Amino acid sequence: MTGTDIEGLRRYGWDERWEVAWSNVGSEVGGSGAAAAGLGARETRPGRVVRVERISAQVATGIDVETATWTTPTAHAAGVAEPPAAGDWVGVLDDATPEDPEAIVAVLPRVTSIVRHDPGQSAAQVLAANMEVVFVVHGLDRPLNEARIERMLVIAWDSGAEPTIVLTKADLAGPDDVGRLHAALAEIAPAVRVVVTSGVEDHGLDELGDVLGRRTAVLLGESGSGKSTLVNAMVGAEVQTTGAVRSGDAKGRHTTTARDLVPLVSGGCLIDTPGLRGIGIWHAEAGLDGVFPEIAAAAQDCRFRDCHHSGEPGCAVQAGVEEGRIGVRRFDSWLRLRGEMDAVASRQEQQSRRRR
Ligand SMILES: Nc1nc2c(ncn2[C@@H]2O[C@H](COP(=O)(O)OP(=O)(O)OP(=O)(O)O)[C@@H](O)[C@H]2O)c(=O)[nH]1
Ligand SMILES: [Mg+2]
């Protein structure tokens with residue numbers, strides 16, 4: 001069955017904003033690129049990407065979920081060359097069937113996106129798009145890794161969406177453990193809301209639902225932290241496969257392998273993601289300043305505007321560390337993330353010099 005049901009699309013987050021964005025893009029789809037591709041007479045309709053596969057995507061149209069692709073000559077002629085991401089709103093041509101996937105001929109401009117450094121190559125990779133909330137998930141069955149949380153928060157902050165920290169597996173932790181974690185997180189992220197949940201005891205799910213509302217959230221976190229279990233608990237059905245963690249160290253087994261957008265009856269949507277082994281930082285200046293405000297503020301008082309805080313005279317950040325106003329661990333974490341971003345920038349500069 002093909003076609004789009006706008007009312008059905010509302011379950012996937014379609015609203016007035018997207019109607020406007022669609023009407024703007026719709027006219028471009030019918031424009032010169034489309035004419036060159038011979039699209040003029042064909043109907044294009046909106047849908048939301050719920051999963052991206054190797055050469056095709058699953059697109060929810062409000063009626064069903066269809067296979068569409070950005071790899072056909074038609075898609076290329078319409079100017080779509082990159083794979084879309086889970087959460088993207090796209091325009092697809094009519095007449096899609098699973099055997100003959102239709103072309104994605106437009107990707108609506110993203111409002112927010114989770115971008116990481118693609119581990120396979122020196123490029124950015126969009127993990128999820130158009131979410132209003134990022135759930136940074138940590139399992140209470142494992143020790144807190146502050147640097148990892150900071151890294152995820154930088155990416156979350158930089159995405160343009162609102163981060164919330166979600167502690168899972170509350171049933172496995174005592175009140176003291178939860179209290180200690182709250183205190184540690186208050187040091188790292190005083191302004192970020194923390195929700196304590198248990199996917200097996202239905203604890204904290206209402207609160208999480210209140211945070212989400214009718215918005216879209218992406219779940220980021222280590223393998224085994226309980227992301228898919230949380231999605232299932234929020235949906236009230238086993239829509240995502242979950243997998244046991246290793247008994248020794250609670251490490252997960254990378255059960256989820258794709259990014260999946262799942263609609264909830266409440267009107268919100270969740271994007272489940274595979275557990276991240278490491279999540280490389282791409283350009284995330286705003287995120288870094290947002291997660292390390294004490295360092296960003298001190299840097300205003302450095303003698304040199306381009307101070308790297310690594311031994312320059314008159315460095316207010318190093319003075320802050322020496323005087324105990326900036327935590328040593330926080331500064332180390334900041335240095336590592338800053339170093340990663342600088343390495344990305346210099347590699348890009350080398351590449352563009354080689355191209356010249
Ligand atoms: N006791 C308890 N176990 C949980 C909870 N949430 C998840 N688990 C268990 O933790 C294990 C991993 O859960 P998943 O939901 O598969 O974790 P994930 O984050 O999706 O992992 P990946 O898909 O590998 O990234 C499973 O055995 C779950 O049953 C919880 O709230 N309480
Ligand atoms: Mg999973």
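Does H309 count as buried or exposed, and how many C-beta neighbours lie inside 10 Å? In this predicted model, H309 counts as buried because it has 21 C-beta neighbours inside 10 Å, and the cut-off for that label is 20 or more.

H309 has a companion worth meeting, N130. Each has a positive phi although it is not glycine: the angle is near 60° in H309, and near 60° in N130 as well. The table puts the two side by side.

| Residue | Phi | Loop | C-beta atoms within 10 Å |
|---|---|---|---|
| N130 | near 60° | between β7 (124–129) and β8 (133–139) | 29 other C-beta atoms, buried |
| H309 | near 60° | between α10 (293–299) and α11 (316–322) | 21 C-beta neighbours, buried |

Now let's step back to the whole protein chain. Its secondary structure comes to 12 helices and 13 strands. Buried residues make up 43% of its 356 residues. The C-alpha atoms fill a box of roughly 70 × 60 × 35 Å along the principal axes. A compact globule with 356 residues would have a radius of gyration near 21 Å, so the 22 Å of this chain agrees with that expectation. Among contacts with a separation of 6 or more, 68% join residues 24 or more positions apart.

Finally, look at ligand 1. Which residues are closest to ligand 1? They are G226, S228, T242, T256 and G275, within a surrounding group of 26 residues. By class, this shell has 17 polar, 5 nonpolar and 4 charged residues. Helix α8 (residues 227–235) gives the largest share of the shell, with 3 residues.

How values were computed:
Residues are numbered from 1 along each chain as its sequence is written. Chains are lettered from A and ligands numbered from 1 in the order in which they are written. This is a predicted model: local features need pLDDT of at least 70, side-chain atom pairs count only at pLDDT 80 or more; totals for chains, interfaces and linings use all residues. A residue is near a molecule or strand if its C-beta atom, placed from the backbone, lies within 6 Å of it. Helices (H or I, at least four residues) and strands (E, at least two) are DSSP runs, numbered from the N terminus. Ala, Val, Leu, Ile, Met, Phe, Trp, Tyr, Cys and Pro count as nonpolar, Asp, Glu, Lys and Arg as charged, and the others, Gly among them, as polar. A residue is buried if 20 or more other C-beta atoms lie within 10 Å of its own, exposed if 12 or fewer, and partly exposed in between; C-beta atoms are placed from the backbone. The radius of gyration is taken over C-alpha atoms; the globule rule is 2.2 Å times the number of residues to the power 0.38. Two residues are in contact if their C-beta atoms, placed from the backbone, lie within 7 Å.
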